[in-house]
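Visitor: I'd like to learn how to read a model like this one. Could you walk me through it?

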Amino acid sequence: MAAQPNPKKLPFTLQPGEQVLAFVRRHWLYFSLKIAGVVLAGLGGTALGIAAVVMTFGFDGPPGVIAGAVIAAWAVYWAVRAYFTWYRYQNDIWVVTNQRLVDSLKRHWFHHQMASTDLVDVEDLRVERHGLLETVFDFGDVQCQTAGVVQNFVLSGVPKPARLLAVVDGARDAARRSLGPTDTVR
């Protein structure tokens, strides 16, 4: 049996009979706060640089051209950083299928880190929320302790963590039941 088509442009191929139960990325507030900091640093530094040059020696002559080039380089650096902040947010995903839990992260074009664990190896699940923002906006961490090499899968900053925990827990129980009583080790 061939693997089913990849419905959400997942960075991995689904195994035969595998179905996506949950596709999750960090809460939008994570991205909003990070991108706000990057934009403020970029625009604030650029504005301060322009104001400092205008109030001192201006953009005429060699010092002004050099200062303009430095300010432009600063603005380009922060624009590229803003792009990769967005890129990382879009490519930092967790996928729960009926067979496994996958953690995939692409920091930039030349980096891809992926870890996977079978659902039957998930031993303990818990949700953690710290602070007012996580409580009010209903996001937090889902921690999955496994019997594998990577003993903990932490799905950080996910929206509605209790709901995701219920999906993982239900899928884990179904995967264990499908093994039958003679195949289970636990």
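Guide: We'll go through a helix, a record annotation, two pockets and one residue. This is a predicted model, where local features need pLDDT of at least 70, side-chain atom pairs count only at pLDDT 80 or more, and totals for chains, interfaces and linings use all residues. Residues are numbered from 1 along each chain as its sequence is written, and side-chain values use heavy atoms, with hydrogens and water left out.

Visitor: How many residues does helix α2 have, and what should they span?

Guide: Helices (H or I, at least four residues) and strands (E, at least two) are DSSP runs, numbered from the N terminus. The expected span is 1.5 Å times one less than the number of residues. Helix α2 (residues 61-90) has 30 residues, so it should span 44 Å, and its end C-alpha atoms are indeed 44 Å apart.

Visitor: Which residues of α2 are buried?

Guide: Buried means under 20% relative accessible area, exposed over 50%, and partly exposed in between (1.4 Å probe, protein chains only). In α2 the buried ones include G64, A67, I71 and W78. Their cover includes β1 (20-25), α1 (28-55) and β2 (92-97).

Visitor: Where does UniProt put the "transmembrane region" feature?

Guide: The unreviewed UniProt entry gives residues 35-59 and 65-84. UniProt positions follow the numbering used here, feature names are shortened, and annotations may be inferred rather than shown by experiment. In the model, residues 35-59 are 84% helix and 0% strand, with end C-alpha atoms 30 Å apart. Residues 65-84 are 100% helix and 0% strand, with ends 29 Å apart.

Visitor: What lines the largest pocket?

Guide: On a 1 Å grid over the protein atoms alone, a pocket is an open set of points with protein on both sides within 12 Å along at least five of seven lines, where a 1.4 Å probe fits; lining residues have an atom within 4 Å of a point. The largest pocket holds about 310 Å³ of space. Its lining includes R26, K34, R81, R88 and D92. α1 and α2 are the elements that give two or more residues to that lining, and α2 gives the most, with five.

Visitor: How about the second largest pocket?

Guide: That one has a volume of about 170 Å³. Of its 13 lining residues, W94, D103, L105, Q113 and V154 lie nearest the centre.

Visitor: Is A171 buried or exposed?

Guide: A171, in helix α4 (residues 161-179), counts as buried because its relative accessibility is 6%. Contact means heavy atoms within 4.5 Å. Not counting residues up to four places away in sequence, A171 touches L21, T97 and L119.

Technical notes
Points joined across faces, edges and corners; volume = space filled by probe spheres on them.
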